[in-house]
Amino acid sequence: APPPAAVVDPAAEAERRRAQEELDRQQAETLRAAQELETRRQAEEAERQRCSLGPGHWEYNPSGKVKIGRWIPVPLPEFTHAADTAFRSEFLTTDVPWETGPATMHKQYLTVKVQNRVFPLRRVDAGGGVVQPPGEHPWYRKRVEGDARDWLTPNFFLRAVQKAIREYGEAHNEGDTAGMSMRDVEELFELESGRDFRGEKEQILRRGGVLYRTPTRWKRFAISVAGKYDGGDNTWMR
């Protein structure tokens, strides 16, 4: 005799099919999400490679100056990619990450503004060689040129000094001074260490153990003397 036919509960079978369909749907969604994640990761990596300036990292000068002070690496790993991307973008300013929160990078001057302070930036390769900027730092040049609204800029001061030196050299038949270039004159000063006292109140400070009255209503241009005397010992300047 044939075996008895299996009894199938239509409701249970329908429930089983619904459960299987739900499982298949969840697995398909998981696979699709994984594929989308991988596609996004590949796109981000391609964008990173496109924007990257090559092996290396960015450095900044905590003194806010270019030729004075020590350059140190930006202590934030994600800053390199963000700064590379900002450098290649069409925008002059771009928000970039910083230890204390968001900062603003200025592509033209190669600076980063953190709260109310501005630090110059430079890009170095894996061997420590400077790749950006390739020549004179644009932030230094901007500071030398000064504010167009102010007549007494560092550039104006240098031209005045150059004119005086040349006139002296011509009057005394001194060829070296008569032909002194602007670059030669600039090397005589530390233009980044100057200070404008014209809008400040007078203060009494101590310099080298002697009381010192700040030159209110004057603009100071510093002479380059650091490391040139006492065998390079700058103690006398404090």
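# Strand pairs, salt bridges and a pocket

Reader: Over how many bridges do strand β5 (residues 111-114) and β6 pair?

Author: The model discussed here is a predicted one, and in it β5 and β6 run in the antiparallel sense where they pair. One position in this pairing is V112, which stands opposite F119 in β6. Counted over the pair of β5 and β6, the number of bridges is 4.

Reader: Which residue in the hairpin of β5 and β6 takes a positive phi?

Author: The hairpin of β5 and β6 has 2 residues between the strands. A positive phi, near 55 degrees, is found there at Q115.

Reader: With which other strands does β6 pair?

Author: Strand β1 (residues 56-60) pairs with β6 (residues 117-125) in the antiparallel sense over 5 bridges, and in that pairing W58 stands opposite R123. β6 also has an antiparallel pairing over 2 bridges with a strand of residues 130-132, where V124 of β6 stands opposite V130. The hairpin that β6 makes with this strand has 4 residues between the strands, and G128 takes a positive phi near 90 degrees in it. Besides β5, then, the partners of β6 include β1 and β7.

Reader: Which residue is the bridge partner of H106 in β5?

Author: β4 and β5 pair in the antiparallel sense over 3 bridges, and their hairpin, with 4 residues between the strands, holds L110 at a positive phi near 50 degrees. Within this pairing, the residue of β5 that is the bridge partner of H106 is T111.

Reader: Which residue in the turn between β3 and β4 has a positive phi?

Author: Strand β3 (residues 93-96) and strand β4 (residues 103-106) pair in the antiparallel sense over 4 bridges, with T94 opposite M105. The two strands form a hairpin with 6 residues between them, and a positive phi of about 125 degrees belongs to G101.

Reader: How many residues apart in sequence are the parts tied together by E192 and R143?

Author: E192 and R143 form a salt bridge, with their closest N and O atoms 3.9 Å apart, which falls within the 4 Å that the rule allows. E192 lies in strand β8 (residues 189-196) and R143 in helix α3 (residues 138-145), so the salt bridge ties together two parts of the chain whose separation in sequence is 49 residues.

Reader: Is E192 buried or exposed?

Author: A residue counts as buried under 20% relative accessible area. Its salt-bridge partner R143 has 33% and is therefore partly exposed, whereas E192 has 4% relative accessibility and so counts as buried.

Reader: Which residues are linked with E136 in a network of salt bridges?

Author: E136 counts as partly exposed because its relative accessibility is 35%. With R141 it forms a salt bridge whose closest N and O atoms are 2.8 Å apart. The rule gives a count of 17 salt bridges, and the network that holds E136 links it with R141, R183 and E186.

Reader: In the salt bridge of D147 and R149, how far apart are the closest N and O atoms?

Author: D147 is partly exposed at 37% relative accessibility, while R149, at 77%, counts as exposed. These two residues form a salt bridge in which the separation of the closest N and O atoms is 2.8 Å.

Reader: How many charged residues are in the lining of the largest pocket?

Author: The largest pocket has a volume of about 430 Å³ and is lined by 18 residues, of which R143, G146, P154, D196 and K219 lie nearest its centre. Two or more lining residues come from each of α3, β8 and β11 (219-223). The lining divides into 6 nonpolar residues, 2 polar residues and a charged group of 10.

Reader: What is the radius of gyration of the protein chain?

Author: The protein chain has 6 helices and 11 strands, and 26% of its 238 residues count as buried. Along its principal axes the C-alpha trace spans about 135 × 40 × 40 Å. A compact globule of 238 residues would have a radius of gyration near 18 Å, but for this chain the value is 33 Å.

Terms used:
Residues numbered from 1 in each chain as written. Predicted model: local features only at pLDDT ≥ 70, side-chain atom pairs only at ≥ 80, totals over all residues. Heavy atoms only, no water. Salt bridge = Lys/Arg side-chain N within 4 Å of Asp/Glu carboxyl O. Buried < 20%, exposed > 50% of the residue type's maximum accessible area, 1.4 Å probe, protein only. Pairing = 2+ DSSP bridges. 1 Å grid on protein atoms, 1.4 Å probe; cavity = no way out; pocket = protein on both sides within 12 Å on 5 of 7 lines; lining within 4 Å. Points joined across faces, edges and corners; volume = space filled by probe spheres on them. Nonpolar A, V, L, I, M, F, W, Y, C, P; charged D, E, K, R; others polar. Rg over C-alpha atoms; globule rule 2.2 N^0.38 Å.
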